[in-house]
Amino acid sequence: LVHTCDSYERFWPGMLFSLDFNWDFNSVPVYWASEEINIHNHKFGCKHVPYFPNNTIVPITTGKTDRNGFSTRMRIALEQIPTKWVIYIQEDMWLRRGIDSSTIEKILSFMKENNADSVKLHSKLFYWEKYYLEPTDFIIDNVRMLKMTEREDNFFLSHGATIWKKDYLLRYLIEGETPWINEVEGSKRMFNEPKNHYMY
């Protein structure tokens with residue numbers, strides 16, 4: 001699920017191009033959740049040459065809101081995706097490289113076997129200082145899985161690229177929150193209940 005708002009359409013070409021170069025659309029389908037603009041009806045170009053997004057991308061329109069409707073639109077989009085697991089990413093977090101569909105399968109197997117609620121799939125960037133992680137004995141394709149520690153100030157519900165157990169994520173989404181409030185308050189809600197979060 002690529003989650004966006006129509007006012008951020010300036011970021012869409014970068015995300016779409018990065019998907020074209022780095023994503024296996026046949027193995028893992030892509031859903032594109034915008035507000036009112038269907039990306040297949042939107043005009044894109046690159047150096048004055050028309051560009052058409054991959055025709056397998058499934059558009060979702062969630063309706064227009066202000067920033068306080070962020071979590072409401074996120075919920076609407078998630079509820080339209082008919083899977084147990086969802087890879088969530090926002091439109092301005094472009095893919096720098098691909099991830100093999102076989103690696104995604106291994107991570108999903110790990111999640112099922114270990115009852116994981118989420119696995120983050122991005123670098124621990126300097127401005128996410130609120131990630132508190134500890135190494136585990138689990139290794140997938142030569143990468144050690146890290147576990148998010150039980151700290152009240154841990155950033156469980158960050159909006160970085162993450163595989164989520166969809167029903168778990170929906171349980172902690174309260175409507176009417178901005179993106180920033182959703183991350184902070186959602187993380188607090190998750191802390192107060194049983195949880196099992198990792199990072200790849």
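# Reading this fold, step by step

User: Let's start small. How do I read burial for one residue: does threonine 136 count as buried or exposed?

Analyst: Compare the relative accessible area with a cut-off: under 20% is buried, and over 50% is exposed. This is a predicted model, and in it threonine 136 has 11% relative accessibility, so it counts as buried. Threonine 136 sits in strand E8.

User: Which residues does threonine 136 touch?

Analyst: Leaving out residues up to four places away in sequence, threonine 136 touches Arg144, Met145, Leu146, Lys147 and Tyr198. Take Leu146 from that list: it is 10 residues from threonine 136 in sequence, yet the two C-alpha atoms are 5.6 Å apart in space.

User: How do E8 and E9 pair, parallel or antiparallel?

Analyst: They pair in the antiparallel sense, over five bridges. You can find one opposite pair yourself: leucine 133 faces methionine 148 in E9. E8 and E9 form a hairpin with two residues between the strands, and aspartate 141 there takes a positive phi near 50°.

User: Where else should I look for a positive phi in a residue that isn't glycine?

Analyst: Try asparagine 142, with a phi of about 70°. Asparagine 142 lies in the loop between E8 and strand E9 (143–148). Unlike the buried threonine 136, asparagine 142 is exposed, at 78% relative accessible area. Another one to look up is asparagine 115, whose phi is positive and near 50°. That asparagine is in the loop between H3 and E7.

User: Zooming out, how many strands are in the open sheet, and what is their order?

Analyst: Read a sheet from one side to the other, strand by strand. The open sheet has nine strands in the order E5-E2-E1-E6-E10-E7-E11-E9-E8, and the pairing is mixed. Strand E5 (58–61) and strand E8 (133–140) are at the edges with a single partner strand each, so one side of each has no neighbour in the sheet. For a parallel pair, look at E7 (residues 118–120) and E11 (residues 197–199), joined by three bridges. Lysine 120 stands opposite methionine 199 in E11.

User: And the inside? Which residues touch the most other members of the largest nonpolar core?

Analyst: The general idea is that nonpolar side chains in soluble globular proteins tend to be buried together. Here, the largest nonpolar core has 31 residues, and Leu16, Leu19, Trp23, Trp32, Met111 and Ile163 touch the most other members. Helix H1 (12–22), E6 and H3 supply at least two residues each, with the largest share, five residues, coming from H3. A second, separate core has 24 residues, including Met74, Ile81, Leu157 and Leu169.

User: What does tryptophan 23 touch?

Analyst: Not counting residues up to four places away in sequence, tryptophan 23 touches Ser18, Val28, Val30, Ile87, Leu95, Ile99 and Ile104. Keep that residue in mind for the pocket.

User: What is the volume of the largest pocket, and which residues are closest to its centre?

Analyst: For a pocket, ask about its volume, then its lining. The largest pocket has a volume of about 1000 Å³. It is lined by 34 residues, and Trp23, Ile87, Ile99, Leu121 and Ala161 are the closest to its centre. Strand E6 (85–90) and helix H3 (101–113) each give at least two residues to the lining. By class, the lining has 24 nonpolar, six polar and four charged residues.

Terms used
Residues numbered from 1 in each chain as written. Predicted model: local features only at pLDDT ≥ 70, side-chain atom pairs only at ≥ 80, totals over all residues. Heavy atoms only, no water. Pairing = 2+ DSSP bridges. Helix = DSSP H or I, 4+ residues; strand = E, 2+ residues; numbered from the N terminus. 1 Å grid on protein atoms, 1.4 Å probe; cavity = no way out; pocket = protein on both sides within 12 Å on 5 of 7 lines; lining within 4 Å. Points joined across faces, edges and corners; volume = space filled by probe spheres on them. Nonpolar A, V, L, I, M, F, W, Y, C, P; charged D, E, K, R; others polar. Buried < 20%, exposed > 50% of the residue type's maximum accessible area, 1.4 Å probe, protein only. Core = buried A, V, L, I, M, F, W, Y, C linked by side-chain atoms within 4.5 Å. Contact = heavy atoms within 4.5 Å.
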